[in-house]
Amino acid sequence: MNGNNGPDRIILGTVQFGLPYGISNTQGQVSHQQGAGILALARQAGIRTLDTAIAYGDSETTLGMLNVADWQIITKLPEMPALPDADHVAAWVEAQVKGSLARLRVPVLHGLLLHRPAQLRTAEGAALYRALRTQYDKGHVRKVGISIYDPEELAQLPSGMAFDIVQAPLNVLDTRIVRSGWAARLAEAGCELHVRSIFLQGLLLMSASARPAYFSKWDIIWRRWEGWLAETGLSPLQLCVRHALRTADVTRVVIGVDGTAHLEGILSAAEGVLPERPVGLDTNDATLLNPALWNRT
């Protein structure tokens, strides 16, 4: 499934269109003019899919103003509030979808993902799943899926819930979705695997001197990472992009950018071989792999 490493497998992440995002982001939120330039370059390169979310500030509104009606757009629902019954759940999901369609100014969503799949395990979970599928039946969305932080979330899903897309983190330090066997199982089930966080919010692109002190506790991993860079003579960008595009059973790769130069660099970095990975670069440590846990331990 990963035989094609072309730009059409790249999904342009647009969180930076609505928020100043990422630990290494020094540019802030992209301007309207910058956003237009990024989309024009992406289109020229053959990228046809955008990833956004209702929770990404005004990303959806910004994209709508940039005329993305002919793009494939994947968005994500925020956490669902406490609701009294299945009818209210269905109405809430419908209202969220209609709001996204209106802000994006598009007739249909290519994909609708749950940002908090843990809610499928609650008392309202079955109703939430039915509401997602109803949006598919109504023609408002083409594919339904979930966004996860840990492959263990897939094992915890209630039986009978099938999805078209699973979005999960994957990078040179985080291969849990592959090592757990879930990437292969999703492929066998015909479910697309979209991977994100390939730069770990930009952390993997930072020099050792610029890396915040919090991360010094993983010095052994950083030495292995820097050793691989030195051994191959490749840049962090090249290794990160090639690793994601060449990982078995990955369907698409979500990459966020903060400008046209960044996107040009990514497209260039994708070309070329991926050298063999060093042993011991992987980790299961969530306090490193999950940005939500950074500086909390």
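Trainee: At what angle do the axes of helix α1 (residues 32-45) and α10 cross?

Mentor: In this predicted model, the axes cross at roughly 20° and come within 9 Å.

Trainee: Why is α1 called roughly parallel to α10?

Mentor: Set the angle against the cut-off. Angles under 35 degrees count as roughly parallel. The crossing is roughly 20°, so α1 is roughly parallel to α10.

Trainee: Which hand does the crossing of α1 and α10 have?

Mentor: The crossing is right-handed.

Trainee: What makes α1 and α10 a contact, residue by residue?

Mentor: Contact means heavy atoms within 4.5 Å. From α1 come G37, I38, L41, A42 and A45. They meet T260, L263, E264 and L267 in α10. By class, the residues of this contact are six nonpolar, two polar and one charged. The glycine, G37, goes with the polar class, since Gly is counted there.

Trainee: Which values describe two packed helices?

Mentor: The angle between their axes and the distance between the axes.

Trainee: What are those values for helix α3 (residues 86-104) and helix α4 (residues 125-137)?

Mentor: The axes come within 9 Å and cross at roughly 40°.

Trainee: Why are α3 and α4 called oblique?

Mentor: Try each class in turn. Roughly parallel needs an angle under 35 degrees, and roughly perpendicular runs from 65 to 115. Roughly antiparallel is over 145. An angle of roughly 40° fits none of these classes, and the rest count as oblique. Therefore α3 and α4 are oblique to each other. Their crossing is right-handed.

Trainee: Which residues of α3 and α4 meet?

Mentor: On the α3 side, A86, V89, A90, V93, E94 and V97. On the α4 side, A127, L128, R130, A131, L132 and Q135. The contact has nine nonpolar, one polar and two charged residues.

Trainee: How do you know which residues are the two charged ones?

Mentor: Check the names. Glu and Arg count as charged. E94 in α3 and R130 in α4 fit that class.

Trainee: How do α9 and α10 cross?

Mentor: Helix α9 (residues 236-245) and helix α10 (residues 260-269) have axes that come within 8 Å and cross at roughly 65°. The crossing is right-handed. L237, Q238, V241 and R242 in α9 meet G265, I266 and A269 in α10. That contact has four nonpolar, two polar and one charged residues.

Trainee: Now the empty spaces. What makes a space a cavity, and how many of 30 Å³ or more are there?

Mentor: In a cavity, a 1.4 Å probe fits but cannot get out. The structure holds one of 30 Å³ or more. The largest cavity has a volume of about 40 Å³. N5, G6, P7, I10, L245, L267, A270 and E271 line it. Five of these lining residues are nonpolar, two polar and one charged.

Trainee: What is the volume of the second largest pocket?

Mentor: About 270 Å³. Sixteen residues line this pocket, and M161, A162, F163, L186 and C191 are the closest to its centre.

Trainee: Which elements give two or more residues to the lining of the second largest pocket?

Mentor: β5 (141-147) and α7 (182-188). α7 gives the most, with three residues. The whole lining divides into 11 nonpolar, one polar and four charged residues.

How values were computed
Residues are numbered from 1 along each chain as its sequence is written. This is a predicted model: local features need pLDDT of at least 70, side-chain atom pairs count only at pLDDT 80 or more; totals for chains, interfaces and linings use all residues. Side-chain values use heavy atoms; hydrogens and water are left out. Axes are lines fitted to C-alpha atoms, for helices over the stretch in contact, and angles run from 0 to 180 degrees between N-to-C directions. Helices (H or I, at least four residues) and strands (E, at least two) are DSSP runs, numbered from the N terminus. A crossing is left-handed if the near helix is turned anticlockwise from the far one by less than a right angle, and right-handed if clockwise. On a 1 Å grid over the protein atoms alone, a cavity is a set of points where a 1.4 Å probe fits but cannot get out, and a pocket is an open set with protein on both sides within 12 Å along at least five of seven lines; lining residues have an atom within 4 Å of a point. Grid points are joined across faces, edges and corners, and a volume is the space filled by probe spheres set on the points.
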